[in-house]
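Work through the exercises below with the sequence and the coordinates at hand. Each task is followed by a solution in steps.

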Amino acid sequence: MKDKLADKIFIKQLVVPGLIGVLPQERKSPQNLFIDLELSTDIRAAAKNDDLKKTIDYAAVRRLIIEFIAQSSYELLETLAERLAAHLQANFDFSALRLCITKQPFDIPDAEGVGVIVE
């Protein structure tokens, strides 16, 4: 028997503009956020019948993420990640989530990115 948690739907490096940050220069205009998302779900019924209605629609997840971030203006990535995870959970049927949000840091010039992972 296949473990339900073994199947994952994922989106990798979705680029979404968002107003985020504590520093004054971060609050002036949106910056690109890089979203990596994994949703654990049982895909057997969808695969058996080749039926999108029996799985999680990547395009619908993408739209929800973009709309949610466009309407937010949190200071902390931690807040954005927790609230986005809860919003995804309220709108899609999955058993586990791994959400990583990365941004280019203004105050750490020797780092490629900083971020948070919520599971």
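The exercises cover the sheet, the salt bridges, the largest pocket and some single residues.

The model is predicted, so local features need pLDDT of at least 70 and side-chain atom pairs count only at pLDDT 80 or more, while totals for chains, interfaces and linings use all residues. Residues are numbered from 1 along each chain as its sequence is written, and side-chain values use heavy atoms, with hydrogens and water left out.

**Exercise 1. The sheet**

Task: Determine the order in which the four strands form the sheet, and state which strands stand at the edges.

Solution.

Step 1. Strands (E, at least two residues) and helices (H or I, at least four) are taken as DSSP runs and numbered from the N terminus. Two strands pair if DSSP finds at least two bridges between them.

Step 2. Strand 1 and strand 2 are joined antiparallel by nine bridges; Val16 has Leu33 in strand 2 as its bridge partner.

Step 3. Strand 2 and strand 3 run antiparallel with eight bridges, and Ile35 is set opposite Ile101 in strand 3.

Step 4. Strand 3 and strand 4, also antiparallel, share five bridges. Here Lys103 has Val114 as its bridge partner in strand 4.

Step 5. The result is an open antiparallel sheet in the order 1-2-3-4. Strand 1 (8–18) and strand 4 are the edges; each has a single partner strand, so one side of each has no neighbour in the sheet. From one strand to the next the twist averages 15°, with axes as lines fitted to C-alpha atoms and angles running from 0 to 180 degrees between N-to-C directions.

Step 6. For burial, buried means under 20% relative accessible area, exposed over 50%, and partly exposed in between (1.4 Å probe, protein chains only). In strand 2 (residues 31–40), eight of the ten residues are buried, so the strand is largely enclosed by the rest of the structure.

**Exercise 2. The salt bridges**

Task: Find the salt bridges in the whole structure and state how many there are.

Solution.

Step 1. The criterion is a side-chain nitrogen of Lys or Arg within 4 Å of a carboxyl oxygen of Asp or Glu. The search of the whole structure returns three.

Step 2. Glu26 and Lys103 form a salt bridge at 2.5 Å, N to O. Glu26 belongs to helix 1 (residues 24–27) and Lys103 to strand 3 (residues 96–103), so this pair ties together parts 77 residues apart in sequence. Glu26 is buried at 5% relative accessible area, and Lys103 is buried at 9%.

Step 3. Arg44 and Asp42 form a salt bridge, again with 2.5 Å from N to O. Arg44 is partly exposed at 28%, as is Asp42 at 25%.

Step 4. Arg98 and Glu119 form a salt bridge with the closest N and O atoms 3.0 Å apart. Arg98 is in strand 3 and Glu119 in the segment after strand 4 (114–118), so the pair ties together parts 21 residues apart in sequence. Arg98 is partly exposed, at 31%, whereas Glu119 is exposed, at 72%.

**Exercise 3. The largest pocket**

Task: Give the space in the largest pocket and describe its lining by class.

Solution.

Step 1. On a 1 Å grid over the protein atoms alone, a pocket is an open set of points where a 1.4 Å probe fits, with protein on both sides within 12 Å along at least five of seven lines; lining residues have an atom within 4 Å of a point. The volume is the space filled by probe spheres set on the points.

Step 2. The largest pocket holds about 240 Å³ of space. It is lined by 15 residues, of which Glu26, Leu77, Lys103, Asp107 and Val114 are the closest to its centre.

Step 3. Helix 4 (77–91) and strand 4 each give at least two lining residues; strand 4 has the largest share, with three.

Step 4. Eight lining residues are nonpolar, two polar and five charged. Ala, Val, Leu, Ile, Met, Phe, Trp, Tyr, Cys and Pro count as nonpolar, Asp, Glu, Lys and Arg as charged, and the others, Gly among them, as polar.

**Exercise 4. Positive phi**

Task: Locate Gln13 and Asp50, and give the phi of Gln13 and of Asp50.

Solution.

Step 1. Most residues other than glycine have a negative phi.

Step 2. Gln13 lies in strand 1 and has a positive phi near 55°. Gln13 is partly exposed, at 39% relative accessible area.

Step 3. Asp50 sits in the loop between helix 2 (44–49) and helix 3 (58–70), with a positive phi of about 50°. Asp50 is exposed, at 74%.
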